[in-house]
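Please open the structure in your viewer and keep the selection panel at hand. The tour below proceeds by selection, with a short account of what is found at each stop.

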Amino acid sequence: MSVEQVVHVPSGHEPARRLREALTLLFANKLASIGALLAAAFVVVGVAGSVIVLVPGLDHLYTDQNLRAALLPPLAPDHVLGTDHLGRDLAWRVVTGSGISLMFGVAVTAISMAIGMVVGSIAGYYGGIADRLLSGAIDFTWGFPVILLAVVLGGMLSPGLLVVGIAVASVTWAGFARMIRAEAISLHEKEFVEAARALGVSGPRIIVRHLLPNMLGSTLVLGTYYVAAAIIVEASLSFIGLGAQPPMPSLGQLIATGRNFLSVDPWVAVVPGTAMALIVLGLNTFGDGLRDVFDPRLRRW
Amino acid sequence: MTQTEESELRDTIEQYRNARLTRRDFVQRAAVLGISASVAASILAACGGGGGGGGTTTGEEGQPVQGGVLRMGYDRAFQKLDNVVGPWADEPFTAIYEVPIIRDPGGKFVSSVAEAWEFSSDGLTLSMKIREGLKFHSGAPLTAANVAEDFNIFRTTGVTANFWAPVKNVEEGENNSVVLTLSKTNYGLIETISTLFQSIHNEASRKAAGEGWGATTVDATGPFTLKTFKPASEVVVERWPDYPGSGVPFVTNKGPAYLDSIRWVPILEPANRANEIETGSVDIVKSPAAQDISRLQSNDDLVVLELQELSNYFITIDRTRGALGQPGVAQAMSHAIDRQALVDTVFFGHAVPTYGPIFPAYRWYDPGVEAYNEYDPDKARDLLKSAGLSELRFTLLTQNQPIQVQVLEAVGGMLREVGITMEVKAVEDAAFFPDMFAGKPDAFMFKWLWESPTDNMRFFGRVPSWDYNGNPPKSMAGIDAWESAATEEQLEKACRQVQLAWAEELPFIPLVTQSLVWVHHKRVHNFRPTQTSIYPLFNDVWIEA
Amino acid sequence: MIRFVLSRGIRAALIFVVASVAVCYGLRVAPGSLADIVTNPLNRAFAVKDLEERLGLDEPVIVQYFVFVRNIMGGDFGVSFISNRSVTEIIATGGLNTLKLGGAAAILTYFISVPLGIMAAARRNSVIDQGSMLIAVLGMAIPNFFLAILLVRLFAVELRWLPAAGQGGIKHLILPAVVLAAEAIAINLRLVRASVLEQLSRDYIRTLRAKGASERRVVWIHAFRNALPPVITFGGVMLRTLLGYTLVVEVIFRYPGLGFELVDSVLKRDYAVAQALALVFIAGVVLFNFLADLGHHLAEPRIRERGAAG
Amino acid sequence: MLVELRGLGKRFPVARDILRRPTRWLLAVDDVNLDVHRGETLGLIGESGCGKSTLARLILALVPSTSGSAVVDGIRFPGASREEMRRFRRRVQIIFQDPFGSLDPRMKVEEIITEGLSHERLRRAERRERAKRLLELVELPVTALGRYPHEFSGGQRQRISIARALAPRPILIVADEPVSALDVSVQGTILNLLVTLQRELSLTCIFISHDISVVRHVADRIAVMHLGQIVEIGDSAEILRRPLHPYTQALLSSVPRFNYAPLPPRGEART
């Protein structure tokens, strides 16, 4: 046995410790801790909302109306956050809306992330003509205003969550692909990848076994931003009538409806609006915190 | 209502009749007595036959001032101001066009471009005397020949060509008159002729304008000429200095208009309409959001006028498919709907429930319809049960407009109470109409807005087909009676007959008629919308500098 | 440089071809047609057919596409089927309005975010710093449409200082510009602050300070000048983002710019206007992308060649 | 002859014209002729940037050559078939300089050292057994199997690298500066390990270093590389005693004594 000692290198990668260290780093940042809490709250509330949307028989929670108890302010009996213009419970509607936002944001981001990973790692790892073609496609797509695409698509197909989802995913994949390609290029030059190649490990296997796990951190960071962005885009389009269509209670839709009652009962708009702002705030600051943990060099733009 | 209150109300009405109260004061006092604004409006409409139906009284107005720009906030996006094949008639129609015959505030037909008209004794000939000395904006003289030419266009390619079907021939008669020959008696034609799609225009100019008709060019006889047409952002009309004066008896200004121009902007978000009249970016706004009306009423700078809109929200279900075709299903749905609750919540009281196909302020409205479709969820459940349905599920198509969606959300909740699940699909107009006409949806909701309610029964009974609407025998017979009436009495009788039949058979399920609310700034004078026209006339309107 | 411009030019042309095909085809296969919007329900059967014949909408899409391409090659964008205004005129007036709005938003963005960002960096952890970070966080979190309704409520309805919507003078520009700029201000603020902070930690700053340069000069001239490149590079991205948001903001404020016209024409299936405007927007995107690339290119001239590492 | 390089060259484009045709090149390896005998250890020295690493990658067929040919273990490059390539990958292995960058931080040691065995279709237990034997070979405790690379010191990591390289039972190992990133105290042990293994397993070894004092202990022959070319080659004692090429002379006279400071952990490795 050699005389060398086992040294401790602070940037840990062993799961349990890494998580602990990451959390320590994350919570050292005050804003990021708030963000993490908000994001966690969003996930909890959103999962509840998703259950309400998906499990049949629960829709009464957000559709049950009582026209005689319409436009109640928050803290009304039985209605913590008040009721809307049809006397439906705002708290449940916001929970449901958060669920729709969560499902939408996560689904769209997951799809674009998957596409971005495939395209980006192929372009970055293989290089050459594949890279030239795929990079062309990435540059072509990246930065295209999602809202513009969604407006045109929404006009073409009939407007709805699906269309907005398609619009968002068909742009954001390029954001992931762009970053992943850059990471793949830098990882490709790493000696452990060369070592794997020397061992005869196939390209796809190297991508799956070496590249993707090593990009996971930065991809997740980008993911949190894109979830937030997808939610905002959906809400904006719902607001101008090109997103989720009524009576689907997405947050944007709730705000759009509530806006009409601003003079009578501002809460109908303010409650979902605040929820929306908190979600985005949470995801963004949480993303910032994660970024600092995973990779300080990664910038949003 | 107690006796004192009742007598107080009678006093109030009397004061209003004697022009000692403005319309606004009346509505306010009525409100104190616990009368909703819409009911007050109906009362006003009922007692407004004497010429002040629009509400404002004469003494108040003072000396008209020449000049100024009237800024109007409109509640929808503009379409081409095309009187022949336009998709609908927008507010500027009454500023730039004139119809042959017009309804006065009491519903009586009075002169406009035509100064007199008469059916022959057999009811098969209608002759119409055209006013002398009229001309078009372009300067060309308007004669009976022009009117005859227009009528022939209307009955062949016009929007309302269907309703002209009984007309065999139109030609110029003697003495600047137009003679219409009918294949069968149809006294109701007069209703059609007084609607905005029969506005008189210069056909030669229309031909020359091509696609530009109603957008770049309008050559008609109204007191204003079209200046700017940007349908999404503004429509501007200007005073026509050569206007020979109105032939309409209840228009007091017999010369060119007082206003220099009128500028309309579409304000599509209901909440913004209140905002914009309050901030003063417009002088008049149509249909503010119902929830904002009380706030506007309490604003001393503003005058709020409220009438029943010549419209109705209704739902039609496709009876050719499965459960929806079971007898009693439409009735069950109708009984499940608490229309008064809709009025109170969605419209904040600024609407009236409708139990039949026509709004209550119509001159031949038959209150008998109210017995058929009262709110009775138990009855609804019974009807469903006897139709053998334990649950019912269908999709309903609607135009994507906030108020429409709100109405349907509320209705959906009510239907759910009796075990009917209604999924609402709100789409843009471009997607709505083709589906509706193709009879694709299980059900659809629509709001008609038209001066002749019976036209709507005739039309929407057939859309997409009578089959779709369940071939209701009594209603169809009623329509036939309407279409063959030879005199006004027969027409009225047919109208009552068809209403009752409709309420019983429900080819479509009526919901509510919302209030037509106009809000104008106090510096606007003589703005007098009437209960019988969808849009007001602008020749009398003037504005303080 | 020539190579750079040329390759971007080819790419832009490609984007255009793809986009024009997609837009033209997409709008026409969309459910519902212009005819259903501009004809009255009462005589739809007749009017729709008549209109489609007159407008050539009954031709196959491919034929319509080539007619469209031939026309724009000849500089003829056609006329709106609804308003009969020439599309060129709509683009000109709408474009001018959008330029005004976008310009106002860009000016706001820089006039607020740059000084505030520098101040925040210069006095780290001061009230200014924390305040500006709060602005940045809120600016990014509050969706612009929600901000819009809050601002309209406050400044138009309650205080009556500014109009709620519409077009007119400078007053009409303020609210939409603020709403449009909100997110850009937030992002730019963070960027300026971070970039200046980074410069302030460099050696040359220490040298300057040691040499006795005034603190104001050190921060506002030296540090800021060197902190500029990322801010400039972000400019292109920001313009592109603003362009996308005009669609929402113009609709909310009923501001008759290109975004407003585009949304309107898409919803009304006014094909000529919709496809021309969509292409104008894509041209804007291409242009701003180019500017962003150019900025980047100029800031970092040595673009790394792949695989050159020995 | 295990390795025969004939006129081998590698150039990289550094500038291109509008049509993306290269206009300027960087010659990393230029017309190299080199033979390596079976069982011998060849030292390849030259200062950093002279093309040593590129030559190593050319021999391992990690990058394609741009001119000339290489025959390694009877397989000719360019032009090897897929089947030959597969065999080649098992026969030739590399050990890298950077003990931090050459091990995937997300993999356990067991996965790292058995990665090259996938073609053998081993069962889990067999794999583990092989991994244990490899660890014994490089004198690491078997407890290392379940750990991650960051838990080890530089020298230990280099042992892991060696174990990984030995796993497919290669006949040729290219060691690219295997100890230059290590502490001086550790360098010796790793060098000894390499020499021992080379003898025990009768490996052929190409030992690359910028430091003659490292190579002199292990190499039978030494090749000196300068600006992409081999400028001198010969018996190692001979070259050290009587360098012919002026570059070799310069290299010998400027041997720095204490340049073994370990590299700090690189930020990239942490992601």
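**First stop: a nonpolar surface patch**

The model is a predicted one. Select A:Val43, A:Val47, A:Val51, A:Val53, A:Leu54 and A:Val55, and display their surface: together they make a nonpolar patch of about 450 Å². Within that selection, centre the view on A:Leu54, which belongs to helix H2 of chain A, residues 30-54. Is A:Leu54 buried or exposed? Its relative accessibility is 58%, and because a residue over 50% is classed as exposed, A:Leu54 counts as exposed.

**Second stop: chain A as a whole**

Next, select the whole of chain A and colour it by secondary structure. The chain holds 11 helices and 0 strands, so the order of elements from the N terminus, by the DSSP assignment of helices and strands, reads α-α-α-α-α-α-α-α-α-α-α. Reduced to a C-alpha trace, chain A spans about 80 × 50 × 35 Å along its principal axes. If the display is then coloured by relative accessibility, buried residues account for 61% of the 301 residues in chain A.

**Third stop: a loop residue in chain B**

Move to chain B and select B:Val159. This residue sits in the loop that runs between helix H5 (144-156) and strand E6 (167-173) of chain B. How is B:Val159 classed, buried or exposed? With a relative accessible area of 1%, B:Val159 is buried, because the class takes in residues under 20%. Add B:Gln198 to the selection and draw a distance between the two C-alpha atoms: B:Val159 and B:Gln198 are 39 residues apart along the chain, and their C-alpha atoms are separated by 9.0 Å.

**Fourth stop: an internal cavity**

Finally, turn to the enclosed space. Rolling a probe the size of a water molecule over the atoms shows where empty space is left. Over the whole structure, the search finds 13 cavities of 30 Å³ or more. The stop chosen here is the second largest cavity, which holds about 140 Å³ of space. To locate it, select A:Leu262, B:Ala271, B:Asn272, B:Asn275 and C:Val152, the residues nearest its centre among the 18 that line it. Two elements each give two or more residues to this lining: helix H8 (270-278) of chain B and helix H7 (144-158) of chain C. Which element supplies the largest share of the lining? That is H7(C), with 5 residues. Colouring the lining of the second largest cavity by residue class gives 10 nonpolar, 4 polar and 4 charged residues.

Technical notes
Residues numbered from 1 in each chain as written. Chains lettered and ligands numbered in written order. Predicted model: local features only at pLDDT ≥ 70, side-chain atom pairs only at ≥ 80, totals over all residues. Heavy atoms only, no water. Patch = residues over 30% accessible without salt bridge, like charges linked within 9 Å, V, L, I, M, F, W, Y side chains within 5 Å. Areas by Shrake-Rupley, 256 points an atom, 1.4 Å probe, with all protein chains shown as cover. Salt bridge = Lys/Arg side-chain N within 4 Å of Asp/Glu carboxyl O. Helix = DSSP H or I, 4+ residues; strand = E, 2+ residues; numbered from the N terminus. Buried < 20%, exposed > 50% of the residue type's maximum accessible area, 1.4 Å probe, protein only. 1 Å grid on protein atoms, 1.4 Å probe; cavity = no way out; pocket = protein on both sides within 12 Å on 5 of 7 lines; lining within 4 Å. Points joined across faces, edges and corners; volume = space filled by probe spheres on them. Nonpolar A, V, L, I, M, F, W, Y, C, P; charged D, E, K, R; others polar.
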